[in-house]
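I sat down with this model and a fresh notebook page. Here is what I looked up, entry by entry.

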Amino acid sequence: AAGVAAEAVAVFGCRPRVAGGVCFLEEQVVLHAAGAGCLRLHLEQKWHKFIPGTEKSRGAQALAVSPNRQYLAVSEAVEEPPSLAVYELSAVPARRRRTLAAAELPAREAVSLAFSPDCRYLAAAAAPPEGHLTYWLWERQRLMAAARLEAAGSGVCQVSFSPQDNAQLCITGNGFFKLFKYSEGTLKQTNLQKGDPQNYLCHAWLSEEEVICGTDTGKLILFETGQVRWETSVEYKKPPRELEEYARAEEYESSDVFSGLASEDHGSQQDSMPRISAIAAYSKGFACSSSPGVVLLFEKTKEKEVYKESQEIWLPQDRFSSEPKQSGRQDIICICFSPSEETVVVNTNKNQLYMFSMLSDDLMKEKAAYFAYLNFSLHSASITGLDICIWKPILATCSLDRSVRIWNYKTKTLELYKEYREEAYTVSLHPTGLFCLVGFSDKLRFISLLYEDMHVFKELSVRKCRECSFSNGGHLFAAVNGNVIQIYSSITFENINNLKGHSGKIHAVKWSADDAKLVSCDTHGAVYEWNLLTGKREAECVFKSCIYSSIALSSDDKIIFAVGSDQTLKEISESSIQHEVPAFGVVYTAVAVSHSGYMVFVGTSLGTIRAMKYPLPLTKDFNEYQAHAGAVTKMSITSDDLFLITASEDGSIFVWKVYDKGGGILKWEKEVDYAEEVLILRSDIEEKSQAMLNLQIRVKELQIENDYQLRLKDMCFNEKIKELEENFTQEIDSLKTKHQILQAEKEKQELQHQFQLSEMMNKQARENIPLFSISFVIFICFLLPESDSNQKLLMENEKYQELQEKSQRMQEEYEKQLHNLQESKSRAVKELTEHYEERLNEKSVLLEE
């Protein structure tokens, strides 16, 4: 294969009307259909990972992510036969694991897919009439069972598995609600339909037996094991008052947006009929969209009303839109909750993705809650113009959705955008990245790219300008007016030259590196080279059978690369075709050449990108990448040869990192420094300065007012402090007096106790003297010979013993009483002292305060 490789590093776009078109892989990782494949993007880290579709894919029709979030099933629209593939998401990059096809079934695209709870089985539904439901053991590529779907009308068809049962399926559509059970190689219907058939647009399982369905007449019907359990009708919702007021204010202020009749508000004609276009279950109940621009949350109740509406969440109105009312009235076609149910993401019919945090304060209040863009708004129609600049890592695009957008391919963000009242056909960025030219149906406008807005600096009367381009130096620009290329000065806006000679519509113009030459091509097979000094044709190459769509110039300006309707890439030099490379069955729609000269890129009518080495190969020696779901309209290579930018009819933009594996080294190897300057209008600066001045005056006024209030408070508090000081001083004096009295009382009590103690000691001393004399007598009696008196002495001795014991007991009792008195006294004194000291401390603290 060729030594030139490309890797998609950013994708700006979302494919509309894909069943299950947006889903969460992790709490912060969202997957959605984009271009001819799927995009994984991280909400916080902003990385993009593209999963390309199968060969010749025209984009996904239906997506399904397995419950364990490991596998992705994709049904694609391809030429023949329709493709049904399962990807392994854990692989890096995600790889196609299985492709499912059954020869015995008619070749019909699956419009809805679902994985079983254990991820082993895959159900696919093709829409009636001639529709069928298939049940696959996908890992083994085995079709286990199939059932015909016979219904009178065609329309939206959805299939899903019961959350706990691999064999239980539900399928709804226009006129039918069917429950199937897989058993022994067949799918058997388990429910009987009763009543009038409804057009069921969507459904969701709420439990193992409950399915909630939404109809095209705004009915919500809850089935339990196939029987209708509950039914309610949802009214058509009108936007909250603040949205309407905002829209009116925006319309009043949009006088700077170009004059022209706004399209009528068609929404008002459809106000009578709500449609349940999307539904999703979550732990508290379910969310559904009943009217354009709104999601309703229903929560389970214990009353007769099984589910009750709890909240409205509205799409915001876009302040950059020319029709704010319409921007907030998009149909919501898919709703999904993150694994933790903290975030809900919705996809609309205008290719937009919005998110809402379920933890938001708005949910707690009664006022309406609002979605925000998932990242930023996206193009919703074919991209007609694309250009890049040298000073900044930005690219400009314009589209049939009437918007002009400025993207940053380094940060992967949308920097600026504005919607106008006319379709934009072409855009060209000034090399500085501060200005752009946009060709509208009525005029060519020179627009200044301001910090937060786009300001029309100059209007030139070039009607239906389909192609325009700034020169490499930025001092001139070319604008196509019919069959004439008009050259203008970017400084004076003077028409310097008119290059006449084309007979067909001019599809592309390219400047030479030195801005001395201009190359153009048209629908009549003419490629002309113009000398800008003389205004004459220097060279021409006419191949009448080819309708040229794009041209590119080599870095030395000697070779022109041209592509057109004849399915070849032409190498033109010296007024003749030197080399032709076949397109092998497709039409080349765009071409770009690297500044190094070693790499050539072409875009095809299938939306694929082919990367080739130069000199051009004659064989299929190139790398082809699945990218867009529509023809590539424009492509450009950045000045450092590191990035390729491609845009398509499907409204998507791809940013590719380019690698040259061969001998050709990239022109710039070091990191390029980009300009940080931005433009701002003098009126905006004056307005901001005036606002700052007003705020500064207000701050000064507030400071003066605050100082005055502080002084008043200081005076008031000083008075209070003085009053408190006096009170506390008086209290301290009274406490001191009390303390002195208590001290005197304590001393008095101490003297009294000492006196009592001395008395007791004296008394005891008196009682102890006779006892001693008695003991002495008894001792004498023992010494004497026994006599009658011995008996008396013994008796006296016993009395003495008794008296001694009594004396001892009395002494112990008095001592104990004395000890208790002393303890109680000291404790009382201590408590009083502590109490008054504590109060003294409190008063001191208060005094200090």
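**Entry 1: ground rules.** Before reading any helix or strand content, I noted that helices and strands here are DSSP runs, with at least four residues for a helix and at least two for a strand. I also reminded myself that this is a predicted model.

**Entry 2: the coiled-coil record.** I looked up where UniProt puts a "coiled-coil region", and its unreviewed entry gives residues 685-768 and 793-838. I then checked the second of these spans in the model. Residues 793-838 come out as 100% helix and 0% strand, with 66 Å between the end C-alpha atoms.

**Entry 3: the propeller record.** The unreviewed UniProt entry also lists "domain: EML-like second beta-propeller" at residues 384-658. How much helix and how much strand does the span 384-658 hold? I read 0% helix and 57% strand, and the end C-alpha atoms of the span lie 23 Å apart.

**Entry 4: the WD repeats.** From the same kind of record I took "repeat: WD" (unreviewed entry), listed at residues 376-417, 499-540 and 625-658. I checked two of them. Residues 499-540 are 57% strand and 0% helix, and their end C-alpha atoms sit 13 Å apart. For residues 625-658 I got 56% strand and 0% helix, with 12 Å between the end C-alpha atoms.

**Entry 5: domains.** The domain assignment splits out domain 1 (273-375), domain 2 (378-500) and domain 3 (548-663). I picked the pair of domain 2 and domain 3, whose C-alpha centres are 23 Å apart. Their contact draws on 15 residues from domain 2 and 17 residues from domain 3.

**Entry 6: the buried area.** I wanted a size for this interface, which is often given as the accessible area lost when the parts come together. Domain 2 and domain 3 bury about 1300 Å² between them, and carbon and sulfur atoms give 69% of that. Which three residues supply the most of what domain 2 buries against domain 3? I found I383, L386 and Y409, which give 46% of that area, more than any other three residues.

**Entry 7: polar links across the interface.** I counted 1 salt bridge between domain 2 and domain 3. The side chains of E467 and K634 form a salt bridge, at 3.2 Å from N to O. I also noted 3 residue pairs in polar contact across the interface of domain 2 and domain 3, both partners at pLDDT 80 or more.

**Entry 8: the domain 2 side.** On the side of domain 2 that touches domain 3, strand 31 (383-388) and strand 32 (394-399) each bring at least two residues. Strand 31 has the largest share of that side, with 5 residues. By type, I sorted the residues of this side of domain 2 into 8 nonpolar, 5 polar and 2 charged.

**Entry 9: salt bridges overall.** I searched the whole structure and got 23 salt bridges. One I wrote down pairs the side chains of E309 and K237, at 3.2 Å from N to O. This pair links distant parts of the chain, with its partners 72 residues apart. E309 belongs to strand 25 (residues 307-314), while K237 is in the loop between strand 21 (227-233) and helix 1 (241-253).

**Entry 10: backbone oddities.** Which way does the peptide bond from V92 to P93 go, cis or trans? I read cis, with omega near -10 degrees. P93 is in the loop between strand 8 (83-88) and strand 9 (95-100). The bond from Y614 to P615 is cis too, with omega near 5 degrees, and P615 falls in the loop between strand 53 (609-613) and strand 54 (623-625). Last on my list was R17, which is not a glycine but has a positive phi of about 55 degrees. I located R17 in the loop between strand 1 (4-12) and strand 2 (22-24).

How values were computed
Residues are numbered from 1 along each chain as its sequence is written. This is a predicted model: local features need pLDDT of at least 70, side-chain atom pairs count only at pLDDT 80 or more; totals for chains, interfaces and linings use all residues. Side-chain values use heavy atoms; hydrogens and water are left out. Domain bounds come from an automatic or database domain assignment. Contact means heavy atoms within 4.5 Å. Buried area is the accessible area (1.4 Å probe) that two parts lose on being put together, summed over both. A salt bridge is a side-chain nitrogen of Lys or Arg within 4 Å of a carboxyl oxygen of Asp or Glu. A polar contact is a pair of N or O atoms within 3.5 Å; within protein, one must be able to donate a hydrogen and the other to accept it, and residues adjacent in sequence count only if both atoms are side-chain atoms. Ala, Val, Leu, Ile, Met, Phe, Trp, Tyr, Cys and Pro count as nonpolar, Asp, Glu, Lys and Arg as charged, and the others, Gly among them, as polar. UniProt positions are given in the numbering used here, feature names are shortened, and annotations may be inferred rather than shown by experiment.
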